[in-house]
Amino acid sequence: ISKIEKYYSEKRKREKLNFNFFSAIVSGKHEKEHIEKYHSNFIGYLLNANANHDFGDLFLRNFFDILPDGIDKHNLPKASSFKLERERITEYGRFIDIFLECGKDYAIFIENKIWSGEQPNQIKDYLAFIENDYKKGIGIFLTLDGKSAESTKDYPKNDSFKIINLSYKNIIKWLEKCCGDEEIKKIPHIHSALVQYIIIIKKILKIMSEENKEVVDFIISDY
């Protein structure tokens with residue numbers, strides 16, 4: 001293991017692969033101090049068709065594509081018709097991390113949990129909020145491992161309002177899809193920013209990257 005770590009460390013230093021500006025933004029003193037609001041800020045920024053990234057609804061369209069099959073994607077409103085708000089306040093005085101709405105016809109909320117858990121009845125209250133004010137909607141509970149929200153396990157099924165669980169592996173899938181888009185590939189600094197954020201997520205999830213696999217293959221071949 002020490003041989004692998006030494007090889008990997010030297011390779012990263014030599015190729016300047018340790019540089020990642022997200023590391024300075026989203027991390028605290030300890031590994032588990034990845035502050036949720038910074039992740040929500042960046043995800044929300046990309047999903048906002050009116051943000052100054054100037055890609056319009058490209059990121060949101062790609063996000064819709066990675067939603068599970070249980071969502072009727074063909075009947076979703078056009079991505080360009082959604083307006084996004086960070087920390088939307090509900091009638092219960094709670095703040096929804098990321099909120100998308102298309103008039104009063106459709107609402108989508110994302111509640112983002114990195115290390116913290118669901119607060120009592122949190123997602124259930126959010127669902128009640130959109131059910132009262134919108135015709136249709138989707139609630140997304142985003143966690144590292146895609147676990148279900150406790151408050152919705154016994155929630156009555158409703159064809160007009162869906163609750164889905166996404167993991168940060170789904171976020172990686174979304175961002176990698178964006179990185180493969182021809183418009184994104186033409187703009188190196190945008191592509192690089194997405195790749196750097198993917199690396200941060202993989203570090204949190206402790207996913208072995210292709211680079212790690214290459215190192216393992218190198219060590220194995222050395223014996």
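Of the 223 residues that make up the protein chain, 43% count as buried, and since the model is a predicted one, every value discussed here is computed from predicted coordinates. The chain exposes about 12600 Å², of which carbon and sulfur atoms supply 51%. Among contacts between residues at least 6 apart in sequence, 64% join residues at least 24 apart.

The protein chain holds nine helices and five strands. Read from the N terminus on, its elements follow the order α-α-α-α-β-β-β-α-β-β-α-α-α-α, and two of the helix pairs serve here as a way into the packing.

The first pair consists of helix H4, which spans residues 58-65, and helix H6, which spans residues 168-179; they pack at an angle of about 130°, with their axes 9 Å apart. Angles that are neither under 35 degrees, nor over 145, nor from 65 to 115 count as oblique, and H4 is therefore oblique to H6. The crossing in which H4 passes H6 is right-handed. On the H4 side the contact is made by Phe59, Asn62, Phe63 and Asp65, and on the H6 side by Ile171, Trp174, Lys177 and Cys178. Sorted by class, the contact of H4 with H6 has five nonpolar, one polar and two charged residues. Helix H4 itself is mostly covered, with six of its eight residues buried, and these buried residues of H4 are Leu58, Phe59, Leu60, Asn62, Phe63 and Phe64. Phe59, Asn62 and Phe63 thus appear both among the buried residues of H4 and in its contact with H6.

The second pair is formed by helix H3, residues 36-47, and helix H8, residues 188-205, whose axes come within 13 Å and cross at roughly 140°. H3 and H8 are therefore oblique to each other, and their crossing is left-handed. Here His39, Phe42, Ile43 and Leu46 in H3 meet Leu194, Tyr197, Ile200 and Ile204 in H8. The residues of the contact of H3 with H8 divide into seven nonpolar, one polar and no charged.

Isoleucine 43, placed in helix H3, gives a way to follow the packing from a single residue. Isoleucine 43 is buried, with a relative accessible area of 2%. Leaving aside its neighbours within four places in sequence, isoleucine 43 is in contact with Ile98, Leu142, Tyr168, Ile171, Trp174 and Tyr197. Of these partners, Tyr197 also belongs to the H8 side of the contact with H3, while Ile171 and Trp174 are H6 residues that take part in the contact with H4. The C-alpha atoms of isoleucine 43 and leucine 175 are separated by 9.8 Å, although the two residues lie 132 residues apart along the chain.

Turning to the strands, arginine 88 has its place in strand S1, residues 83-89. With a relative accessibility of 14%, which is under the 20% cut-off, arginine 88 counts as buried. Not counting residues up to four places away in sequence, arginine 88 touches Arg94, Phe95, Ile96, Phe99, Glu101, Phe129 and Tyr134. Glutamate 87 is also found in strand S1, but at 43% relative accessibility glutamate 87 counts as partly exposed. The backbone of glutamate 87 deserves a look as well, for this residue has a positive phi of about 55° although it is not a glycine. Most residues other than glycine have a negative phi.

Asparagine 121 likewise has a positive phi, of about 60°, although it is not a glycine. Asparagine 121 is found in the loop between strand S3 (106-113) and helix H5 (122-133), and at 43% relative accessibility it counts as partly exposed.

Asparagine 121 leads on to a second loop, the one between strand S4 (136-143) and strand S5 (161-167), where serine 151 is found. At 13% relative accessibility, serine 151 counts as buried. When its neighbours within four places in sequence are left aside, serine 151 is in contact with Glu118, Asn121, Gln122, Ile123 and Lys124. Serine 151 and proline 120, which are 31 residues apart in sequence, are 7.2 Å apart in space, C-alpha to C-alpha.

Definitions and conventions: Residues are numbered from 1 along each chain as its sequence is written. This is a predicted model: local features need pLDDT of at least 70, side-chain atom pairs count only at pLDDT 80 or more; totals for chains, interfaces and linings use all residues. Side-chain values use heavy atoms; hydrogens and water are left out. Axes are lines fitted to C-alpha atoms, for helices over the stretch in contact, and angles run from 0 to 180 degrees between N-to-C directions. Helices (H or I, at least four residues) and strands (E, at least two) are DSSP runs, numbered from the N terminus. A crossing is left-handed if the near helix is turned anticlockwise from the far one by less than a right angle, and right-handed if clockwise. Contact means heavy atoms within 4.5 Å. Ala, Val, Leu, Ile, Met, Phe, Trp, Tyr, Cys and Pro count as nonpolar, Asp, Glu, Lys and Arg as charged, and the others, Gly among them, as polar. Buried means under 20% relative accessible area, exposed over 50%, partly exposed in between (1.4 Å probe, protein chains only). Accessible areas come from the Shrake-Rupley method with a 1.4 Å probe; for residues, only the protein chains shown count as cover.
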